[in-house]
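Reader: I am a first-year student and would be grateful for a close look at the salt bridges of this structure. Please explain how the partners are placed.

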Amino acid sequence: MYDYISGKLVFKSPSHVVVDAGGIGYHINISLNTYSRLGDIENCKLFIWQYVKEDALTLYGFADDGERRLFLHLVSISGIGPNTGRMMLSSITPSEIQAAIVSGNVALIQRIKGIGPKSAQRIILELQDKLRKEGPDTLTVVPVSKTVKDEALSALVMLGFARNAAEKVLDQELNKNNGELTVEQLIKFALKAL
């Protein structure tokens, strides 16, 4: 329901913040990673995930969309709830978690409080291919001004194509057509070639 909440940072602690947006104070649970990224700012923008249970409605906030995407991957695994996902993001950085999953580093993931050997293996087993497919830059902030190639690549990755293969095909198509294609044309040509 919410994509992000932007407003005045009224209260900040390592576990949650209160953001005043339009006269409403939102209690938002955060990770230590987000806490450290907020620093001493007065206004903030947090990317939100809303968790609904029969007896609670909880908001989780993230400093950037990459951290939120990783969190959503983590909570999609059976046995990993939002609090465990938040604990993981608080124990080590999102990029370290992603690298550990992609490389199959069970020992690093197992060091996180609440994650045993079976959970660590399940996390790696279920997420390794997904995170490899998304590529190493999935946690980076998307640039505001995208090129035609960037937009086409983003669309192809969302459709389920491997980033490396899609990028290679896009480069070939751009070279064939001297780089003068619209996003739609480039995607159509790439879909035929993939």
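Author: The following account deals with the salt bridges and the places of their partners. This is a predicted model, in which local features need pLDDT of at least 70 and side-chain atom pairs count only at pLDDT 80 or more, while totals for chains, interfaces and linings use all residues. Residues are numbered from 1 along each chain as its sequence is written, and side-chain values use heavy atoms, with hydrogens and water left out.

A salt bridge here is a side-chain nitrogen of Lys or Arg within 4 Å of a carboxyl oxygen of Asp or Glu. The structure holds eight of them. In one, arginine 68 pairs with aspartate 3, their closest N and O atoms lying 2.9 Å apart. Because arginine 68 belongs to helix H2 (residues 65-75) and aspartate 3 to the segment before strand E1 (4-12), this pair ties together parts 65 residues apart in sequence. Helices (H or I, at least four residues) and strands (E, at least two) are DSSP runs, numbered from the N terminus.

Accessibility is described as buried (under 20% relative accessible area), exposed (over 50%) or partly exposed (in between), using a 1.4 Å probe and protein chains only. Arginine 68 is buried at 9%, whereas aspartate 3 is partly exposed at 41%.

Helix H2 also contains both arginine 69 and aspartate 65, four residues apart, about one turn of the helix. These two form a salt bridge with closest N and O atoms 2.8 Å apart. Arginine 69 is partly exposed at 27%, and aspartate 65 is partly exposed at 27%. Asp3, Asp65, Arg68 and Arg69 are linked in a network of salt bridges.
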